[in-house]
Amino acid sequence: MKFLAPFIFLTFQLFEVKGQFVPALFIFGDSIFDVGNNNDLVTLIKANFPPIGRDFVDHEPTGRFCNGKLALDIIAEGLRFTDHQPAYMNDKANGEMLLIGANFASATSGYYNATAILYNTISLSQQLENYREYKNKLVDITGKSNASSRISRGIHLISDGSSDFLQNYYINPLLFTTYTPDTFSDILLNSYDHFIQNLYELGARRIGVATLPPLGCLPAAITAFGHGNNQCVARLNNNAISFNNKLKHRSQRLTRRLSKLKLVVLDIYNPLYTLITEPAENGFAEVRRACCGTGLLETSILCNQHSIGTCSNASQYVFWDSFHPTEAANQILAQKLITSGM
C-alpha cells in the first residue's frame, strides 16, 4: 500500500469534476470487473465458492475472480468510496446503495454478444439494458435532475474483449476459419463504438476503457496454445497489441465526434506484461503458474476447494487462477490503470 497517497493524488487529477469528487462508478465488461453478477445464473462461469475470495473482506467469496480485491475495488477505494459498487444482479443493489453507482460486468461477456450467449452469461447489450433500468431506478430515488448529474459526473469503466478471443475466437472454428484476428478485431470495435455512443446518449460523459492484457502470457493461454513451451505466445500478444492500437484510434474518433465526451484508454497490457516478464523486480516469485490448483488451466469451477496444489500465499503469485491476477498484482495494476489515462 506504499503507493496509495500518490495514487489518490493522480486519481483526483484525472477524475475530479468541477472541484467535486466522483459521485458514482458504473462498471461494465467481463470477469476482470465482475463482482458477482454471475452468481445466480445457470452457468459454469462463476466464482462464489472457496478458495476464491479467501483474502477478501471476511474471507468470503463474492463472485470476484480473485483471492481478494480486484483492481476495480482498489480504484474505488482510492476515490474514497467506503462501499464497493454492488453487483446489479445482487439483492443489495437497491435503494440508497444505488447512489454510488452499480456494477453490470459479467464474466465471459464480450464486445461480441455471442460470446456471452455461449456461456449463458450477461452480454454487453444486456448490460446496457440493465443500465437503462438502473437509470430509471435512480430517477425514482433522487429525482431526474440529480440522477442526470450523478451519471454525467460519474465514471463509467469498461473492460472487455479478452473472452471474445480466448474463450471464443481461438477455440471456435466457425470464427477462426471465417475471420482473421484483424477482421474479428474490427467486428469487436464496431460493437465498442456502438456501446460508447449508447452510453453517451444515456448521459455518460466520463468513460475509461481498459485495453486487452497480454493474452499470450496468461497461464491458460500458454497451456492451451504454447505447444509445450512455457513462454508467452507471441501470436496472441501480437493480436492484443493490434487490437489495442485500433482501440486507441477508435476512441480518439469517438472523442472528436461526441463533443462533451471525455474518453480515456487505460493501458493494462504494458503494466501486466512488466509484472510477468520482471516478476522478481516487482516482488513476485511465480508467474507461469497461478496460485489455484496446478495453476496451469484452472479457473471458475475448476478453481475450487478440492483443487490439488493451491498455494498458501497468493501474494507471491502474479496470477490467482489461470486467467486472473492476484490481489497483490491488482494493487500495482490499479495504480497503472489510472496513471495510464492521464
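Are Arg 250 and Asp 193 buried or exposed? In this predicted model, both residues turn out to be buried. They also pair up: Arg 250 forms a salt bridge with Asp 193, with 3.5 Å between the closest N and O atoms. Because Arg 250 sits in helix H10 and Asp 193 in helix H8, this pair ties together parts that are 57 residues apart in sequence.

A second link joins these helices. Lys 246 makes a salt bridge with Asp 182, and here the closest N and O atoms are 2.6 Å apart. Again the pair connects distant parts of the chain, with Lys 246 in helix H10 (residues 234-257) and Asp 182 in helix H8 (residues 181-201), 64 residues apart. Lys 246 is partly exposed, at 21% relative accessible area, and Asp 182 also counts as partly exposed, at 37%. The pair belongs to a network of salt bridges that links Asp 182, Asp 186 and Lys 246.

Searching the whole structure turns up 9 salt bridges. One of them is formed by Asp 73 and Arg 64, whose closest N and O atoms lie 2.8 Å apart. Asp 73 is buried, with a relative accessible area of just 2%, and Arg 64 is buried too, at 6%.

On to the surface. Leu 44, Ile 301 and Leu 302 make a nonpolar patch of about 290 Å² there. Ile 301 is found in the loop between helix H11 (269-277) and helix H12 (327-339). With a relative accessible area of 38%, Ile 301 is partly exposed.

Definitions and conventions: Residues numbered from 1 in each chain as written. Predicted model: local features only at pLDDT ≥ 70, side-chain atom pairs only at ≥ 80, totals over all residues. Heavy atoms only, no water. Patch = residues over 30% accessible without salt bridge, like charges linked within 9 Å, V, L, I, M, F, W, Y side chains within 5 Å. Areas by Shrake-Rupley, 256 points an atom, 1.4 Å probe, with all protein chains shown as cover. Salt bridge = Lys/Arg side-chain N within 4 Å of Asp/Glu carboxyl O. Helix = DSSP H or I, 4+ residues; strand = E, 2+ residues; numbered from the N terminus. Buried < 20%, exposed > 50% of the residue type's maximum accessible area, 1.4 Å probe, protein only.
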